[in-house]
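Here is a structure to question. Each label should be earned by a value set against a cut-off.

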Amino acid sequence: MACGIILCGASSIGKSTLAQEWCKKHVEYARIDEVARDIMKSSSLTRDDLTASIQTDKRVFLGLQLQIMEEQNRRESELAGRPFISDRGPDSIVYAALHADQTSADRLCAHAAAAACFQRYRTDCMVVILCPLPAAVDDGFRLVPESREKQDQFNNCLRALLDQHHVPYLYLGVIDREKRMSALEGMLRGTLGVRIEESIQDKDGPCPPLSVAFRASCFRPQLS
């Protein structure tokens with residue numbers, strides 16, 4: 001059974017909002033949220049600092065991604081055996097690949113924290129990629145994709161990463177809040193099964209193909 005729900009996708013597409021609403025309705029779930037924001041605040045870093053690091057010296061940016069990944073793993077580990085929902089997964093590795101290079105991303109993948117997360121996602125979690133929203137909300141803090149094309153680029157890189165590490169994942173292709181909640185509940189119950197491509201889509205068009213790992217997996221019902 002999946003104990004954790006991992007919401008993934010580009011920045012500012014509603015992951016934190018969905019996690020918050022989920023916990024209001026399903027109070028037995030713990031919530032992991034805003035890990036990146038907490039690390040940035042504790043390090044006294046701003047978005048301008050990250051942008052400058054990406055453009056001039058990527059060591060600060062990559063060091064931050066490692067700290068975020070380690071903290072994500074720590075928080076997930078603390079909730080082992082308990083139901084939880086998180087508004088991020090292996091996002092740090094995707095950011096490294098997109099804003100630095102693949103070598104930097106591979107180094108993060110080889111870290112013990114990444115290995116622990118991938119193992120957890122394969123066996124104990126349901127990983128869900130959220131589709132982009134028509135307009136990403138800029139909170140003045142995070143790196144926000146400049147366009148829908150950039151959002152799709154992030155999600156495509158994320159899907160490739162999960163496939164590489166044999167992590168099953170689902171794609172939530174609706175943007176309406178209530179529909180997202182209902183769809184997520186259906187995913188966890190397993191009522192949508194492998195027909196999810198046909199069942200969950202919106203005006204943006206059909207969902208992309210599901211991961212190969214998901215086609216061979218079976219998530220058991222979790223909600224009563």
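Q: Why is serine 44 called exposed?
A: Serine 44 has a relative accessible area of 62%. Exposed means over 50%, so serine 44 is exposed. This is a predicted model.

Q: Where is serine 44 placed, and what is its phi?
A: Serine 44 is in the loop between helix 2 and helix 3 (47–55). Its phi is near 55°, a positive value in a residue other than glycine.

Q: What makes glutamate 34 partly exposed?
A: The relative accessible area of glutamate 34 is 21%. Buried means under 20% and exposed over 50%. The value fits neither class, so glutamate 34 counts as partly exposed. Its place is in the loop between strand 2 (30–32) and helix 2. Phi of glutamate 34 is near 55°, a positive value in a residue other than glycine.

Q: How do you know that alanine 80 is exposed?
A: Alanine 80 has a relative accessible area of 61%. The cut-off for exposed is over 50%, so alanine 80 qualifies. Alanine 80 is found in the loop between helix 4 and strand 3 (84–86).

Q: How many residues separate alanine 80 and arginine 120 in sequence, and what is the distance in space?
A: They are 40 residues apart in sequence. From C-alpha to C-alpha, they are 9.3 Å apart in space.

Q: Why is asparagine 155 called buried?
A: Its relative accessible area is 2%. Buried means under 20%, so asparagine 155 is buried. Asparagine 155 is found in helix 8 (residues 148–164).

Q: Which residues are in contact with asparagine 155, leaving aside its neighbours within four places in sequence?
A: Asparagine 155 is in contact with Gly9, Ala10, Ile129, Leu130, Cys131, Pro132 and Tyr171. Contact here means heavy atoms within 4.5 Å.

Q: What makes cysteine 125 a buried residue?
A: Cysteine 125 has a relative accessible area of 3%. The cut-off is under 20%, so cysteine 125 is buried. Cysteine 125 lies in strand 4 (residues 125–130). Cysteine 125 and glycine 4 are 121 residues apart in sequence, yet 4.4 Å apart in space, C-alpha to C-alpha.

Q: How do you know that helix 4 is roughly antiparallel to helix 5?
A: Helix 4 (residues 58–78) and helix 5 (residues 91–99) pack at an angle of about 165°. Their axes are 9 Å apart. Angles over 145 degrees count as roughly antiparallel, so helix 4 and helix 5 take that label. The crossing of the two is left-handed.

Q: Which residues make the contact of helix 4 with helix 5?
A: Helix 4 brings Lys58, Phe61, Leu62, Gln65, Ile68 and Met69. Helix 5 brings Ser92, Ile93, Tyr95, Ala96 and His99. By class, that gives 7 nonpolar, 3 polar and 1 charged residues.

Q: Why are helix 2 and helix 4 called oblique to each other?
A: Helix 2 (residues 35–42) and helix 4 pack at an angle of about 125°. Roughly perpendicular covers 65 to 115 degrees, and roughly antiparallel needs over 145. The angle meets neither, so the pair is oblique. The crossing of helix 2 and helix 4 is right-handed. Val35, Ala36, Asp38, Ile39 and Met40 in helix 2 meet Leu64, Gln67, Ile68, Glu71, Gln72 and Arg75 in helix 4. These residues divide into 6 nonpolar, 2 polar and 3 charged.

Q: What makes helix 4 oblique to helix 7?
A: The axes of helix 4 and helix 7 (residues 112–123) cross at roughly 45°. Roughly parallel needs under 35 degrees, and roughly perpendicular begins at 65. The angle fits neither, so helix 4 is oblique to helix 7. Helix 4 passes helix 7 in a left-handed crossing.

Q: Why is the pair of tryptophan 22 and tyrosine 29 called edge-to-face?
A: The ring centres are 5.6 Å apart, with 90° between the planes. Centres within 6.5 Å make a pair, and planes over 60 degrees apart count as edge-to-face. Tryptophan 22 and tyrosine 29 satisfy both, so the label holds. Both residues are buried.

Technical notes: Residues numbered from 1 in each chain as written. Predicted model: local features only at pLDDT ≥ 70, side-chain atom pairs only at ≥ 80, totals over all residues. Heavy atoms only, no water. Axes fitted to C-alpha atoms, helices over the stretch in contact; angles between N-to-C directions. Helix = DSSP H or I, 4+ residues; strand = E, 2+ residues; numbered from the N terminus. Left-handed = near helix turned anticlockwise from the far one by under 90°. Nonpolar A, V, L, I, M, F, W, Y, C, P; charged D, E, K, R; others polar. Phe/Tyr/Trp six-rings, centres within 6.5 Å; stacked < 30°, edge-to-face > 60°. Buried < 20%, exposed > 50% of the residue type's maximum accessible area, 1.4 Å probe, protein only.
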